[in-house]
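User: Please take a close look at one part of this structure, beginning with a single residue and its surroundings. I should then like to see how that part relates to the remainder of the assembly, in one connected account.

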Amino acid sequence: MGKQKKEEDRVVRKMAEYVMEAKHVYKSYGKPKVKKGEISLDTKLVVEAVRDVSLQIRKGDIKLVFGPSGSGKSTLLRCLAMLDIPDKGQIYLGDEELTKSGVDLNKARARIGFVFQHIYLFRHLTALGNVELALRKVLKLPKEEARKRALDALTEVKVSDCVSKYPSQMSGGQAQRVGIARALARNPDIILLDEPTSALDPELTGEVIDTLRDLAKEGTTMLIVSHEMPFAREVAEEMIFYDEGRILETGPPSQFFNAPNTDRAKKFMDRIIKRTTRE
Amino acid sequence: MFEWLLNPMFQQMILEGVLLTIEITLFGVLLGLGVGTLLAIGDIYGNKPVKAAIAVYVEFFRGGPLFVQIFLAVYTLPTLLNLQIDHAILAFLVFGLNSAGYQKGYIKSSMEAILGDQMQAGLSVGLSKAQTVRSVILPQAYRIVIPSWTNEFCSLTKSTAVLSYVGLMDLVGAGRSILFRNMEILPVWIVVAIIYLAWITGFSKMMDIIYEKKKIPGIELSA
């Protein structure tokens, strides 16, 4: 009896080691079909975007997920943030299991920063408004304090000149940095970034990568989906090769750049490096 | 031809008619906006029974003649409920609920135009669904809906003509009782038409100004 209790204690303590942990997560979805103007899911065309994925992220970790498009990387990230609810498996944020029923997901999401591939700023709000909104409505900060923190976050990502601009008036790089500031301002436990630069042209990509590099230096915990290989090599502690809904290989950047263990990863790296050098 | 306009009694009738028309349309269109918004939200997020109930509501108010709805409300409802309710209040309620049937459609389609990514963004920063609808979706949807809303207002204003059938003296009712007295058929209707035209034009212009003032770069119908 006493031994069992001890066992449980150890399990709890072990969980809290990680900022975020996924255990055997599955997620599949049907292809959307449109019938009579209603969008529904075609259950015959099931896409298994996440199949038995487990991963752990410690405080200060920077991990990079990469792999072919359509392999389910975005779905995985969305599951981690509980923007998509996994079909099976557990997601932990610190020692709280988010996949348990009855968990206040809004509260949990407030502790997770999320940066979207297509940016998704609030279109009716200025840069300042975009960052302030959650500080006011979620963290319930007083007006002055929310404003100060929002301005600090915008300055940190070097877009303080955009404070009163609306999303449609910003360049893609500025907008994405506002997106990062929005995720950052709440001091989240972890920031999940879903291909933050893939919708931007090369010049703007540089601005955003610089911002991410700064965050990395400050020890921000991040899980990034990206194919920016020089950046990955520089900041990532671990790279995760993801294909067909599974983690195929994990390891430090040197492993992938020198000699990946799996054939699939090797081919993929070859292609990416060829493309990068051509550019 | 128009000398009857100098008659203080006729002036009084026209003025009261104008006021009733304006009151009922303004309150009606605002009630319609509130109820229409709730219906739109229910239709997007509600479960099957809620959606079915909303469909019945919309078909009832949009499919049946407004005149019959007013008639039922004013003559049948008080008897059924065994209550004395002011006709103007009943008429105002019917106008609002009827308008909600139309406005639900405008608001829902505006919301759906912006819902996908903006809901994701709202949830991602920790807002609840309801908070996101309130602070993110509706402020954008209302901006987009203003032009269709102005149309709804114009058509509702002219629908007030049916009020005279239940003994309420709106502008058309006032016109009719004036011409029963002076038989100046064409001049009376010309005056009534000019008043409608002036009020609707003025109001539409005001809404245009509000639309331009509230416009945010990047949030437009054509965008």
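Analyst: Leaving out residues up to four places away in sequence, A:V178 touches A:L121, A:A127, A:N130, A:L154, A:V159, A:C162 and A:M170. The model in which these contacts are found is a predicted one.

A:V178 also has a place in a wider assembly of side chains. The largest nonpolar core holds 127 residues, and A:V178 is one of those that touch the most other members. The others named in that group are A:L80, A:L154, A:A181, A:I190, A:L192 and B:A91. A:L154 is thus both a contact of A:V178 and a member of this highly connected group. The largest share of the core, 12 residues, comes from α4 of chain B.

A:L80, another of the core residues with the most contacts to other members, is also listed among the buried residues of helix α2 of chain A. This helix covers residues 73-80, and because seven of its eight residues are buried, the rest of the structure largely encloses it. The buried residues are A:K73, A:T75, A:L76, A:L77, A:R78, A:C79 and A:L80. After the helix comes A:M82, which has a positive phi near 60°.

A loop residue of chain A offers a different setting. A:D189 is located in the loop that joins α6 (172-184) to β7 (190-194). Its C-beta atom has 16 others within 10 Å, so A:D189 is classed as partly exposed. Apart from residues up to four places away in sequence, A:D189 touches A:V19, A:L93, A:G94, A:R111, A:I112 and A:T221. A:E144, by contrast, is 45 residues from A:D189 in sequence, and their C-alpha atoms are 24 Å apart.

Chain A, to which these residues belong, contains 10 helices and 10 strands. Of its 279 residues, 43% count as buried. Among the contacts of chain A between residues at least 6 apart in sequence, 66% join residues at least 24 apart.

Chain B is built from helices: it has seven of them and zero strands. Its C-alpha atoms occupy a box of roughly 70 × 45 × 25 Å along the principal axes. Buried residues account for 36% of the 223 residues of chain B. For contacts in chain B with a separation of 6 or more, 76% are between residues 24 or more positions apart.

The helix of chain B that contributes most to the core, α4(B), packs against α1(B), which spans residues 8-45. The axes of the two helices are 5 Å apart and meet at an angle of about 45°. That angle falls outside the ranges for parallel, antiparallel and perpendicular packing, and α1(B) and α4(B) are therefore oblique to each other. Their crossing is right-handed. Sorted by class, the residues of this contact are 16 nonpolar, seven polar and three charged.

B:V35 gives a local view of α1(B), the helix in which it lies. B:V35 counts as buried because it has 20 C-beta neighbours inside 10 Å, and 20 is the number at which a residue is called buried. Beyond its neighbours within four places in sequence, B:V35 is in contact with B:G96, B:L97 and B:A100. B:S99 is 64 residues from B:V35 along the chain, yet their C-alpha atoms are separated by 8.9 Å.

α4(B) also packs with α5(B): their axes come within 7 Å and cross at roughly 150°. Angles over 145 degrees count as roughly antiparallel, and α4(B) and α5(B) are therefore described in that way. The crossing of this pair is likewise right-handed. The contact of α4(B) with α5(B) comprises 17 nonpolar, eight polar and one charged residues.

Finally, the two chains meet through 20 residues of chain A and 19 residues of chain B. On the side of chain B that touches chain A, α4 (87-124) and α5 (129-159) each supply at least two residues. α4(B) gives the most to that side, with six residues. By class, the side of chain B that touches chain A consists of nine nonpolar, nine polar and one charged residues. α4(B) accordingly recurs in this account, in the core with A:V178 and at the contact between the chains.

Definitions and conventions. Residues are numbered from 1 along each chain as its sequence is written. Chains are lettered from A and ligands numbered from 1 in the order in which they are written. This is a predicted model: local features need pLDDT of at least 70, side-chain atom pairs count only at pLDDT 80 or more; totals for chains, interfaces and linings use all residues. Two residues are in contact if their C-beta atoms, placed from the backbone, lie within 7 Å. Helices (H or I, at least four residues) and strands (E, at least two) are DSSP runs, numbered from the N terminus. Ala, Val, Leu, Ile, Met, Phe, Trp, Tyr, Cys and Pro count as nonpolar, Asp, Glu, Lys and Arg as charged, and the others, Gly among them, as polar. A nonpolar core is a set of buried Ala, Val, Leu, Ile, Met, Phe, Trp, Tyr and Cys residues joined through C-beta atoms within 7 Å. A residue is buried if 20 or more other C-beta atoms lie within 10 Å of its own, exposed if 12 or fewer, and partly exposed in between; C-beta atoms are placed from the backbone. Axes are lines fitted to C-alpha atoms, for helices over the stretch in contact, and angles run from 0 to 180 degrees between N-to-C directions. Angles under 35 degrees count as roughly parallel, over 145 as roughly antiparallel, 65 to 115 as roughly perpendicular and the rest as oblique. A crossing is left-handed if the near helix is turned anticlockwise from the far one by less than a right angle, and right-handed if clockwise.
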